[in-house]
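Open the model in your viewer and keep the sequence panel beside it. The tour below goes from one selection to the next and says what is there.

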Amino acid sequence: MEVIVRILRFDPEKDGKPHWQEFRVDAEPNDRVLDLLHIIRDEHDGTLAFRRSCGHGICGSDAMVINGKNRLACKTLVKDLRQPITIEPLRGFRVIKDLVVDMEPFFAKYRRVMPYLINDEPPPEKERYQSPEERERFDDTTKCILCACCTTGCPVFWVNGEFLGPAAFVAAHRFVFDSRDRAAAERLQILAEYGGVFNCHMAFNCVDACPRGINVTKAILELRQAILAGSVSLSPKER
Amino acid sequence: MQVVRHRYDAVIVGAGGAGLMAALHLAQAGIPTAVLSKLYPTRSHTGTAQGGIGAALGNMEEDHWEWHAFDTIKGSDYLADQDAVEIMCREAIDCVYFLEHMGLPFDRTPEGKIMQRRFGGHTNNRTGEPVRRACHAADRTGHMILQTLYQQCIRYGVQFFNEFFLTDLLLTGDPLETGTRCCGVVALEMQTGVLHVFHAKAVLFATGGFGRIYKVTSNAHTLTGDGCAVAWRRGIPLEDMEFYQFHPTGIYKLGVLLSEAARGEGAYLLNGLGERFMARYAPKLMELAPRDLVSRAMYLEIREGRGVNGKDYLHLDVRHLPKEVLEKKLPDITEFARIYLGVDPEKEPVPVQPTAHYAMGGIPTNVDGQVVVDEKNTPLVGFYAAGECACVSVHGANRLGTNSLVDILVFGRRAALHMARFCRDADFAPLPENPEAETMEHINRLLNNNDGRWRVGKIRRELQEVMMDKASVLRTGDELRECLDKVRDLKAQYAQVRLDDRHSAFNLDLIEALELGYLLDCAEALVASALNRTESRGAHYREDFPKRDDANWLKHTLAYRKGDDIVFRYKPVVITKYPPQERKY
C-alpha cells in the first residue's frame, strides 16, 4: 500500500526554520513507523536524520511526535494511524537535525533527583534481603526507558523551565520506595521544592504517552503523600 | 575539518554492560576515565537482554559453580577455554551480589533472596535435569543491569562522551611486533561532525556484536561490529568468527527476541503437525536444550515440510502456562507478540523462527581482558576488550543462555581491575603523527564520492540477504564459497558508495556508510573462517562435514587481514579437567 508521510525537516546548515516534506512510501500495514523512516532513508532521501537502536521499544531512542502524539516509532504500526502520517521531533528541546533533539537537558533533570541507590552501610556477604512485597512496591517505575515521551508531552514542562518533569519523578519514585535505599529524605526534599511534584497539574498526558504503560500520575501522587507524611513508610500493609 | 584532543588514563568505547561495569570499577579506583558511546548509554543493547544472569547462588535448589562451568563447556561443544570458564562461573556469583548491592531490583523468593529460574543447557550435573540458576528481574534483566550500572556511573562521576562514533584505534606500531602499545582512539562526534582524538594509557573496546550482517536478527540497528572491524583493520586477529549463534525464538520475519525465559517457565515449541518436535533431538532437555541444537532442529523441521502451514516458521506455545506467569514473569514478550504479530499468546501460539543473535567470536583476549595477538597469547600492551566484541573464549562454539550477561560483568570488571593497575604504573605512549589523518581521508572520500553509484541501504540489504541464505544455521562449502564471493563483490561496490548527505550535523548517512564498512569486514571474516573450518561444532554446522573432528579441529581460529586476503593461524583450546565427550541432551 502507498503511505503518505509528512516529516518536519530541519538542517541547521541550510534551513532558517523547520519545514514540512512529504514522502510517498510503499509499505505494509504491519510496518512500524520506524520501518517507514528506514525506507525513506534507503530509497528516497538519505539526508533524513533520526535516532533508533533496538527497534522494539526497549532502548527508548526513537521517541517522536507521530500524528500529534508522543510515541516510539518502533512501537507504532502503520495500520493504527490515520493518513497522512505526520512526524515531528519531540517538543521543548533544541532540534539538532530533523527528528534528532538535544536530550542533554532531559538527562540533567534526571540526574537532579539522584537516580541511584544510596546505601553506605556495609553490604552483607551475599544479597540484601527484600521481600516480594517490598520489591513490588516500586516495580512499575523500574520499567522506565528514559525515552522522554512523558516529559515532552507535559504542559507544565512546556511553560516552566524549572519543572523536573515526569521522567525524573519516576526515577525518584523507583528509589524512594526501594526498601534498600537510605536517601529518600534527600530526594523528597528536592521534589518538594519549586519545579517538583507539587507543580504537576495532573493533566495525565504522561500516563497517556508512556510507551511502557507506567502509571506516572500514581507515582507522583505517592511521592506527594510521602512528602506530606514527613517520612516514607515501606511497610507492605500500607500499599 | 576541526579536531579536538583529549587525554584520559583510560578510554572505554561502548556503554553497554561490559563498558559500564568497567567504567564503574575504574571510577571507584580513581582512574581518570572517559566512556565513548555512539548512543546515549541507556540505549545500549544490554538493555534488551531478557531472561537472566546465570550464577550458581543455589537460592532455589542445590547448585555449584563447577556445575555451571561444566554446562558452559559442554554447551560450547568443548571449544571454550576451560580456565576462563572456571573463572567466569566462580566470579559470576560475586558479580550478581555486587549488582544487588548497587541496587539491581532482582525478583525475590518468599524469604527475600534473589529469585532464579531454569534456562537452556543449565543442569543439575548429578541428575541431568534443568536447574534454576538464572537470576532475573521479570523479563527485563538486561534493562535493569544497564540502568543500575549507568545510575552508579552517574553517582561516581564517570565522564561520558555520548554519540561519539569510533573510527580508529591508535597504536605505536605493528601489533604483532614486541613493544607496540595502544595509545588511543579517534572518534567522530555525531551531533557536530567534529573529530576527536583521545590519547590514553589504556583503551577498552566494549562495542558489542554485529548481528546486522544478517537479515533476521534480534540485534539493534546499531550492532555493526565497529570495534571488531577497527581492530581487524589495524592487524589484530579475530578469533572463532565462524561461530555465530541463532536464537531459536525470534518473532517471525522481524527477528525480535522472545526470551528463552518463556521455555524456562515451561513453554513448548510445536511444528506444523502440533508435535513437540524437540523430543526427536533432545529427549531429556526438550525445549531447554542449548540454542545451537534447538535452532538446527527448527531448520530441519522446516526443511522437511513440518513448518506451520508449510511455511518457514514454527510455534512457541505458552497457552498452558498460568496467566500470572505471563503477566508477572513474561510481560514484555507477551506484549511484543501482541504488538508486532497481533497475536495474543494466551489464546494462540506465536509464530517464531531462529534469529541471528550472538557472536561467540571476536577480538581475542586473555582472562584479564587484555587483547592477545597470536597463538602464544602475547598481549598488545594497553589494549583491552570485553563483552560480545571479545573472545576470551568462554562460549566456544555455542553460548548458553544467560552467559552473555555473566561474561560482560565478570570480564568487564576483570579488564577494569587490570587497566587500573596498568594505568597507575604506566606512562602515556606517544601518539602517532597526525593520528586523525586516516579517519579524515576515509570520511572525505565517502563525503565527496561524486561518482558513487550505490546507496548504503542497497549494499547492506544484499549483504544481509546473502548471509541469511548461505551462512546461517545450515552451511555447506559450496554455499559459503558463493557467499564469500558475493561479500567481496559488495566490498567492491562499497568503494563506489554514494551519500546524499554531505553536511556535518548528525549525518546519519555518513554514520551508516561507516557502519556498513564494518559489517562487510565482519561478514568477510565470518564466512572465510566458516569455509576454512571443515567440521561441525556447536553453532557452526557444515552439512558436508557433519561430525565434530577433535583430531584436527579442537583449536581456535585466528583470522588475520593481510592486504585483500585473509590468513589463518590456530590456537590450542585450554583443557583443565573436562575432557571432550560426545554432547547428548
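Helices here are DSSP runs of H or I with at least four residues, strands are runs of E with at least two, and both are numbered from the N terminus. The model is a predicted one.

**Stop 1: chain A as a whole**

Select chain A and hide the rest. By that definition, chain A has 8 helices and 7 strands. Its C-alpha trace spans about 60 × 35 × 30 Å along the principal axes. Chain A has 239 residues, of which 52% count as buried. If you draw the contacts in chain A between residues at least 6 apart in sequence, 66% of them join residues at least 24 apart.

**Stop 2: the sheet of chain A**

Colour the strands of chain A. Five of them, in the order S2-S1-S5-S3-S4, make an open sheet with mixed pairing. Strand S2 (19-26) and strand S4 (69-72) of chain A are at the edges; each has a single partner strand, so one side of each lacks a neighbour in the sheet. From one strand to the next the twist averages 35 degrees.

Next, select residues 2-9 and 85-88 of chain A. These are strands S1 and S5, paired in the parallel sense over 3 bridges. Show side chains at Ile7(A) and you will find Ile87(A) of S5(A) opposite.

Now add residues 33-44 of chain A, which form helix H1. H1 packs on this sheet and touches S1, S2, strand S3 (63-66) and S5 of chain A. The direction of H1 makes about 95 degrees with that of S2(A).

**Stop 3: a helix pair in chain A**

Select residues 184-192 and 216-229 of chain A, helices H6 and H8. They pack at an angle of about 105 degrees, with their axes 10 Å apart. H6(A) is therefore roughly perpendicular to H8(A).

Which residues of H6(A) meet H8(A)? Leu188(A), Leu191(A) and Ala192(A) do, and their counterparts in H8(A) are Leu223(A), Ala226(A) and Ile227(A). By class, this contact has 6 nonpolar residues, no polar and no charged ones.

**Stop 4: the contact between the chains**

Bring chain B back. The contact takes 40 residues from chain A and 43 residues from chain B. On the chain B side, helix H3 (82-102), helix H4 (141-155), helix H9 (331-341) and helix H14 (508-532) each supply at least two residues. H4(B) gives the most, with 6 residues. Coloured by class, the side of chain B that touches chain A shows 17 nonpolar, 16 polar and 10 charged residues.

**Stop 5: the nonpolar core**

Select Val11(B), Ala22(B), Leu204(B), Ile363(B), Ala386(B) and Val527(B). These have the most contacts inside the largest nonpolar core, a set of 284 residues. H14(B) provides the largest share of this core, 17 residues.

Centre on Val527(B). Apart from neighbours within four places in sequence, Val527(B) is in contact with Ala471(B), Leu480(B), Cys483(B), Leu484(B) and Val487(B).

**Stop 6: a sheet of chain B**

Finally, select S10, S21 and S22 of chain B. These 3 strands form an open sheet in the order S10-S21-S22, with antiparallel pairing. Strand S10 (238-239) and strand S22 (565-572) of chain B are the edge strands, each pairing on one side only. Strand S21 (residues 555-562) of chain B runs antiparallel to S22(B), and 8 bridges join the two. Thr557(B) stands opposite Tyr570(B) of S22(B).

H14(B) returns here: this helix packs on the sheet and touches S10, S21 and S22 of chain B. The direction of H14(B) makes about 130 degrees with that of S21(B).

How values were computed
Residues numbered from 1 in each chain as written. Chains lettered and ligands numbered in written order. Predicted model: local features only at pLDDT ≥ 70, side-chain atom pairs only at ≥ 80, totals over all residues. Contact = placed C-beta atoms within 7 Å. Nonpolar A, V, L, I, M, F, W, Y, C, P; charged D, E, K, R; others polar. Core = buried A, V, L, I, M, F, W, Y, C linked by C-beta atoms within 7 Å. Buried ≥ 20, exposed ≤ 12 C-beta atoms within 10 Å, placed from the backbone. Axes fitted to C-alpha atoms, helices over the stretch in contact; angles between N-to-C directions. Parallel < 35°, antiparallel > 145°, perpendicular 65-115°, else oblique. Pairing = 2+ DSSP bridges.
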